Each structure stands twice: as C-alpha cells, then as structure tokens.
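Here's a walk through the fold for anyone who wants to know what holds it together. We'll take cysteines, charged pairs, sheets and cores in turn.

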Amino acid sequence: MGDALRQEEHEPFDIPDVLPLLPVRDLVVFPAQVVPLFVSREISLSAVEQALARERLVFVVAQRDASEESPQAPHGMYGLGTCCLILRQRKLPDGRIKVLVQGLVKATLEEVVEQQPCTRARLRKIHELPFEAQGELALEAEALGRSVKTHLEKLIATGRGISPEQLLVLSGVQDPGRLADLCASSLQLKAQEAQEILEQLDPVARLRGIHERLARESQLLAMQARLQSQAKEEISKTQREYYLREQLRQIQHELGERDEKAEMVADLRKKMDARGLPEHVAEEAGKELRRLEAMSLDSAEAAVLRSHLEWICELPWNKRTEEKLDLAEARRILDEDHHGLLKVKERMLEVLGVRKLKPEGRSPILLFLGPPGVGKTSLARSIARAMGRSYARISLGGVRDEAEIRGHRRTYVGALPGRILMGIKQAGTMNPVFVLDEVDKLGSDVRGDPSSALLEVLDPEQNHAFRDHYLNLDFDLSQVFFIATANTLDGIPHALRDRMEIVELSGYSEEEKLAIAEQHLLPKQRAEHGLTAEQIELPPATMKEIIASYTREAGVRELTRELAALCRKVALQIAEGKVAHARLEPRDLQKLLGVSRFDALATELEETVGGATGLAWTPWGGDILRVEVTAMRAGRAKGLILTGQLGAVMQESAQAALSYIRSRAAAWGVAADFFDQHDLHLHVPAGAIPKDGPSAGATMAAALASLLTGRPCRRRVAMTGEITLRGRILAVGGVREKLLAAARAGVETVCIPQANARELSELPASLQRKLEILTISTLDDLFAHALVGGAPVPRVAVATAG
C-alpha cells in the first residue's frame, strides 16, 4: 500500500504549509467530519482569531493529557491531526466561542514556527489516493465493509450507534479508508482509540480496526441484553413475591394476625432514623437490618442481630447535655452539698472555668483518693449537679473479667456490652459525669485484666474511638468526665494511676463532723424517718458525745448509722404516743444507743516505763499505735523479740531503733553487759491485725529509751517518724490522717518530723488549736520532749489554714 499514499500536490483548498494550531481535549477530528468546538482558553481563542482573519483554516490536534491546561507543542500533543475549515463561529455569553469546523485532510506536525500571539506550526499534509487493489486485499476490503455495515445495522436496532440516515450515507461508500473515517467519526470512541485510527494510514488496516471495535460493541450489547432480560425476570419474580406477601398480609389482617417481623423491622428502622446515627454507624446498622429482614425470626442469629440493633438505637450517639457554666451557682451547689473539702471544690471550679473559656476542651480524668465515708461518691454526684450534666456510676470492686469493661463478643451466648457503655446508656448523653467506684479493688484472673482494659477508657488519646467488643463500633468517650474513687493507691497499677489526676480527700476533724451532722446528716435522717425538726432535737453537746464516744472513723458512715438509730427510736416513741417531742441530751445516749463504744485512748494510758504512743496511717484513716517494751534475763532468744504481727519494714525499724539505743546506752549510764544479760521484748497490741510501715520507728525508739533510762513517756504525747541509725527523723506520709486520729483519741501533743512541717499550713485551724504540734529532726529532740524529765522543745510556728 506504500504507492497509494503520497504527499498532497493538489488539494481542493489551497492549504498553506503553516497554520494556527488549535489543541482540543478528548476529541479527534477526522477528514470530512463536521463537528462543533467550544473554545475558551486564551491560546485557542487567539488561534481562532488568527484563522478567521486569514484563510479560516486551523490545524486541529488532540492533547496527550486532557487535564493539562496549557499544553506545549509539540510534546504535549499528538504528532498527527487534521487541517480544518471554520464554517461558522458564534460568541457565547460566558466569553467562550462556539465554532463549527469541517475536517479536510490529515497532516503531521513538523515544527513550531511561532508561539505568540498563538501557536503556529509547519505541517506536512497527507493525501490518500482512491483505493485501487486487486486479489485477496480487495476481497478483504469488501468483506470488512459489508461486515461493518451489518454491525451498524445491529447497533441501530438496539438504539445505539449511528442514526438510520447516517447508515444510508455509509451504504453508498465503497472506499475502505473513507468508510473507516466516517464510521470512526460517527461512533463514540475514546480519544486514544480514535487517535490510533486516525494515525493508521493503511485504509484496509484502518477499516479492520473499526470492524474489531464494532464486533466487541455488538458482543457487549448482546451480553447487556441478556443481563437485562435476567434482571427483568428477577424483577418479575420480586414483584410476584411482593404481590403474594401483600395478599398474605391482607389475609393476616382479616384474621387478626400480625406480621411480627415486618413490624419489628419497621420499628427498628424508625428508631434508627429518629436517633440520627453517625454515618459509619448508620451504614453498619443498615447492613445488619437488611440481614435481619432476610432471616427467620426463629433463628438464633436473628435474636442476636435484633439485640445488637436495639443497643445501637438506644445509645446516645449525638445527644449531649448543655453544661451550666455559672461559677457562682456551682460554688453554691458544692457548698450546699458538702462541708469543707476546699481544695477539691476549688479544683472543680477550675474545671468549670476552663470549660467556660474553651467549651470544646477535653474533660479531666480525676481520682478521688481517701478513706471510706469521706464523701467521694456523693461529691461526684454534686459535681454533676453543679455542671448540669447527667450522672452515671459503676462499681468495679471485685471485677475480674476484662469483658466487664469491653463487653463480650457477640459469638458468645448471652453476650452484652461492657459496663462503660451500659453506664453511657443509663446516663442518656455523650458527656455525663461518670464515676468508676472502687477502682483500687479490681482483680484479674484467666479471663483478663480489667485494669488494663481501663487504660483505653481513661486515655484521652484513645478514648475518642473506644471499641466495645459487643458493639464493634467506634464510640466517642472523649467528652465524658471520668471520676474514679479509691481508698489506697496500692491496688492501682502504675500505668492506670498515671492516666488520672489524684485528688486526696482526708478524714474529717471533730468540728467538721459536727458541722456535717447538723447541716446534712441529721436533716436527711429526719426526712427518711418521717420526723420534723420539732419532733427530734440534738443539741451540739449530744452530737459531740456521739462523735467522740460512739464512732471512731475518718468519714461519717458510722455517725450516719448512729443518727439513724436515734431517729428510729424516737419515731417508735412518737408512733406509740409516748412522746410528742424529744430533746436528746448526752445522758440519754446510753439508754438509746447502749454503753459508749470508745473512750479517749490517751486517757486510759498511764505514764509507764517502756511504753510509747505512736500514730499510724490506714486505708480507713489514721489510728493510734501503742508500743510496749520490757526487759528480762537472757534466755534462749538472746536478743530482740518482736510480736504483734509486724511486717518486714516495721521489724527493720525496730532493729534500727535498738541499734541506735545501744549506741547511746553508755551515755545514759546503762551497764556495759546489760544487753548480754537481758533479752528485750517489743510488742504492739492488737496482735490480730497485721501492721507494717516505717513511721513507727520513732515510737519504738522512744519506748526503748524509756525502758533503759527509767523515764516514762508522757501520757498525752504521740509521735510518728522514720528513723536512721544516726538518730535522724525522716518525713512520713499521712500526716493529716494521723493528726485527726490523735485528736479523736484525746492526745494533746504530737511530735512529727521537721520535714513534714510544710504540710501543717493545710490543716484546719480547729485541729491546730486542739493539738500542740511539735516538729523534731532528731531522736534526742524527741526524747527531750516525750520522756518525763526532759527539757521541752519550743513549738514551731505554722500558718493556719483559715
């Protein structure tokens, strides 16, 4: 076919060798094709203007990359295009120009001769001679032409491809190259496919490419028709089933029966629409609902799906409580519900202040640490009321299964969400005050470690996408105000403790308990027992007697029970008509509550040699610790005997105290062979209770010094402090609790380490007035003040708490 093609010598139009270049996107113009073009780019507008000003001829070529806004010739365009004549042009209101062009002849882009004001290129025009072939090539061309026309007829029958008028025009075309060009311009080909056909200069090969594409299109149409037929049959089947279901529904309605599944599905869909689920939740719930709709209600999986969907619908995905950020009102509510606790209340007001300045900020995660009965849980409820948030609480004491936190997987029989999502559902909002009670009493076993599961719940970087095993959907916990409560830090893993801000709540003094009883406990008990303020009256003296003689605790739970007992007895007397009004004096308590359970411990003690009073911290508050030492002739023990269930640390403190005492024995006039001739027995009463800790070292040293010097310890002096072998006294913990215990026991003077002096400024003023608090740095200072006959140590001045 090489002799059939040559460079054009005589064209129907006098086409110059240099023409304006008009790049087009996603379009290929063939010779003899008339096509409209919309021109909007500056370079294209300039090309059209140049063509209209001269011969009305442009070189139209397709871009290689349709997304390129300013293609550069020749690299950004194909090398072969079509010389076109602009037949008409019209300006549009949006600034574009609509031009109608007719393809004339193919041409190749040789070089760019000008870039401004438009791109002008030198071309080499290609003219195809009429097809004149003999033999097999002619037969192939005729066969391809007939087959192409047959495929076009099939396309017209399906409503696709070209119009019947176009087919009529094509039926009279015998030249294979012209037939291929006309077909290509009439079919909806991709730009790359059309360019391949345009660049094919062999007319038979070009027609062969058109035939292959038409054959593939015919096959696709046949496949599409078959699929549509199957779909139509399926739709007919669906319509038939719908018709039968409607008939069944009408029959059930006439018989008074209900379609339970349809009602259930409709009810669930209504709940999902009303709840306004997040997009990812709505998508998953929709899939589950469609699965449920296709199941029988009698299947086990249907019950699981239904329960899962009901949980999704019941959780408050988008519901939030509007916070009250009135600081004055919040302070009033906190003061109304709780007496004292100034530091805790101030911390809560700080939270509200921050929320007022930055409402979208994260809520803090707090740990209320303190002995039982000091109001940790009730304080959290007051915080919720002050903030205007809903309140939720779960108790974690004794929880050993990780699934209690994260939920059970739905594959297990009786699976349920974890307690976290149950609490959120109970609260009904995404931002409640959520109390994790008794977090220090979590356990662990083969079913997992619940404290590790809590790490995700209490981590601000993770809890915005908390995933419960049962729900299996991300749930946002970042707006929840978590408050954990604990009696001690010992049972809380360090990683979990690190995620919470610790707020300590110590025990109450006698004056604070009196105020709490008068303002909160007694009015509440009167209301619960149907009494009025006129029917039962407890003077302050009576209340103080109850606190001192019938309770000994850091909190107020036992005091609440004693007041409840008084109210019950008075209610019984009023119900029987014996009295109409009861004013209870201290002398009446023994008759109503029995003999007093506690006396001031210090008043029971005599000034005996070898005895000293110490102070101890326990998870339930402070307590008094009595240490006794005696000496006896050496026996089999040969040394120091320790009794009273003392722990390892306490035993080491006793050995350290003895070592220091022996180093000072000569200065006190003790015989050199005393320790060889005698055994020492140190005992701490209440032997059934295990005891441990370093703060009893000072008390043990004082008891040993009293024994060896023969000077008794003063009966109303108590002490605490860790000691060294050189007689220094180190700081200890739980000073407030220990001082409260000393005040409850009737102690008048307390010796504490000098290093703990900074804590005295935070003590209540009433406690500082009741106790003489001395700070000591060495055992010699302690002996000088605690042992009878020693020189008193001046009292240190401390700031009052106000």
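Searching the whole of this predicted model turns up 0 disulfides. Take Cys183: it's in no disulfide, and the nearest cysteine sulfur, in Cys84, sits 19 Å away. Cys183 counts as buried, because its relative accessibility is 1%. What about Cys751? Its closest cysteine sulfur belongs to Cys713 and is 9.8 Å off, so that's too far for a bond. Cys751 is buried too, at 0% relative accessibility.

**Charged pairs**

Salt bridges are a different story: the structure holds 37 of them. Here are three, with the distance between the closest N and O atoms.

| Acidic residue | Basic residue | Closest N and O atoms |
|---|---|---|
| Asp17 | Lys125 | 3.0 Å |
| Glu336 | Arg385 | 3.2 Å |
| Glu350 | Arg347 | 3.9 Å |

The Asp17 and Lys125 pair links distant parts of the chain, 108 residues apart: Asp17 is in the loop between β1 and β2, while Lys125 is in strand β7. Asp17 is partly exposed at 44% relative accessibility, whereas Lys125 is buried at 7%.

Which helices does the Arg385 and Glu336 pair tie together? Arg385 lies in α12 (residues 376-387) and Glu336 in α10 (residues 327-337), so the bridge connects parts that are 49 residues apart in sequence. Both ends are partly exposed, with Arg385 at 35% relative accessibility and Glu336 at 40%.

Glu350 and Arg347 stay within one helix, α11, just 3 residues apart, or about one turn. Glu350 is partly exposed at 42%, but Arg347 is buried at 18%. There's also a network: Glu329, Arg332, Glu336, Asp337 and Arg385 are joined by salt bridges that share partners.

**Two open sheets**

One open sheet has 5 strands in the order β9-β10-β13-β8-β14, with parallel pairing. At its edges are β9 (391-395) and β14 (501-504), each pairing on one side only. From one strand to the next, the twist averages 25°. Inside this sheet, β10 (residues 433-437) and β13 (residues 481-486) pair over 4 bridges, and Val433 has Phe481 as its bridge partner in β13. Helix α11 (residues 342-357) packs on the sheet, touching β8, β13 and β14, and its direction makes about 170° with that of β8.

Another open sheet has 7 strands, ordered β19-β20-β18-β17-β21-β24-β25, and its pairing is mixed. Its edge strands, β19 (640-643) and β25 (772-776), have a single partner each, so one side of each is left without a neighbour in the sheet. Neighbouring strands here are turned by 30° against each other on average, direction ignored. Strands β21 and β24 run parallel, joined by 3 bridges, with Val717 partnered to Thr749 in β24. Helix α22 (residues 648-664) packs on this sheet and touches β18, β19 and β20; its direction makes about 150° with that of β19.

**Cores and a buried helix face**

Which residues have the most contacts inside the largest nonpolar core? They're Leu436 and Val439, in a core of 53 residues. Helix α9 (residues 300-314) gives the most to this core, with 6 residues. Among the residues that Leu436 touches are Ile394, Leu454, Phe482 and Ile483. A second, separate core has 50 residues, including Val374, Ala384, Leu559 and Leu589.

Finally, helix α18 (residues 540-549) has Thr542, Met543, Ile546, Ile547 and Ser549 buried. The buried residues of α18 pack against α17, α19 and α20.

Methods. Residues numbered from 1 in each chain as written. Predicted model: local features only at pLDDT ≥ 70, side-chain atom pairs only at ≥ 80, totals over all residues. Heavy atoms only, no water. Pairing = 2+ DSSP bridges. Axes fitted to C-alpha atoms, helices over the stretch in contact; angles between N-to-C directions. Contact = heavy atoms within 4.5 Å. Core = buried A, V, L, I, M, F, W, Y, C linked by side-chain atoms within 4.5 Å. Buried < 20%, exposed > 50% of the residue type's maximum accessible area, 1.4 Å probe, protein only. Disulfide = S-S within 2.5 Å. Salt bridge = Lys/Arg side-chain N within 4 Å of Asp/Glu carboxyl O. Lists of a residue's contacts leave out its neighbours within four places in sequence.
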